[in-house]
Amino acid sequence: MSSEVTQANNSIDLVTSRLQKFWKDLKETIPEAELFETKRSNERQSYLYSLGRTRSGEIVTYATAGNSPHNHGLAFDIKNVNFTNREKDIRDLLSKNSDIAWGMDFWRIDTKNKKKVKFPDPAHFQIKNWRSLVPGLNSKIVFPLVAIIGISIYSLRGKRK
Ligand SMILES: [Zn+2]
């Protein structure tokens, strides 16, 4: 296993300019914060996904390769912050950056009982609706939508006759 796959890259140059600006503001508000990870290769995403599944360890992600904003430079993780003590400061900063989502508020659907469960990742920040910024991912969602709307209109027309 090469170190590029097992180790985090924390270069801020690898994220979008919008996130670079947000990091600057975050660092001003919380000077003790340090970058832990910015952009991830698909290979590293696959490695992280394998933890707790095909490799020993805890599950750290539910995103497969290409399906994490980290893979597209649209997220970063920080370290060295006491999130309980700093939550209010972070909330204040987020209120001025409404296009940024905080992992503290994340949830997922439990596969067994289909219920929403909290899945907080307080170290993580990302661009909201990041999928809409990734052409390949976006088209996968848009195409079925267009098809469904098209079929609905067609069947409505049919009923009118
Ligand atoms: Zn993250």
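This report describes the largest pocket, one helix and a few loop residues of a predicted model.

**The largest pocket**

The largest pocket of the model encloses about 810 Å³ of space. It is lined by 28 residues, and those closest to its centre are Thr-61, Tyr-62, Phe-106, Phe-119 and Asp-121. When the lining of this pocket is sorted by class, 14 of its residues are nonpolar, while seven are polar and seven are charged. Several elements of secondary structure take part, since at least two lining residues come from each of β1 (34-37), α3 (42-50), β4 (107-109) and β6 (124-127). The helix α3 gives the most to the lining of the largest pocket, with three residues.

**Helix α4**

Helix α4 runs over residues 83-95, a stretch of 13 residues, and spans 17 Å from its first C-alpha to its last, which is close to the 18 Å expected at 1.5 Å a residue. The helix nevertheless has a kink of about 30°, and this kink is centred on Asp-89. Within α4 the buried residues are Phe-83, Arg-86, Ile-90, Leu-93 and Leu-94. In an α-helix there are 3.6 residues a turn, so residues three or four places apart point the same way. The buried residues of α4 pack against α2 (17-29), β2 (75-79), β3 (100-102) and β6; the strand β6 also supplies at least two residues of the lining of the largest pocket.

**Asparagines in the loops**

The loop between β2 and α4 holds Asn-80, and Asn-82 is found in that loop too. Asn-82 counts as partly exposed because its relative accessibility is 41%, a value that lies between the 20% limit for buried and the 50% limit for exposed. Along the chain, Asn-82 and Glu-32 are 50 residues apart, yet their C-alpha atoms are separated by 9.5 Å.

Most residues other than glycine have a negative phi. Against that background, Asn-80 has a positive phi of about 70° although it is not a glycine, and Asn-129 likewise has a positive phi, near 50°. Asn-129 lies in the loop between β6 and α5 (135-160). Both asparagines count as exposed because their relative accessible areas, 52% for Asn-80 and 62% for Asn-129, are over 50%. The table sets out these values for the two residues.

| Residue | Phi | Relative accessible area |
|---|---|---|
| Asn-80 | about 70° | 52% |
| Asn-129 | near 50° | 62% |

How values were computed. Residues numbered from 1 in each chain as written. Predicted model: local features only at pLDDT ≥ 70, side-chain atom pairs only at ≥ 80, totals over all residues. Heavy atoms only, no water. 1 Å grid on protein atoms, 1.4 Å probe; cavity = no way out; pocket = protein on both sides within 12 Å on 5 of 7 lines; lining within 4 Å. Points joined across faces, edges and corners; volume = space filled by probe spheres on them. Helix = DSSP H or I, 4+ residues; strand = E, 2+ residues; numbered from the N terminus. Nonpolar A, V, L, I, M, F, W, Y, C, P; charged D, E, K, R; others polar. Expected span 1.5 Å × (residues − 1). Bend = angle between axes of the 7 residues up to and from the residue. Buried < 20%, exposed > 50% of the residue type's maximum accessible area, 1.4 Å probe, protein only. Contact = heavy atoms within 4.5 Å.
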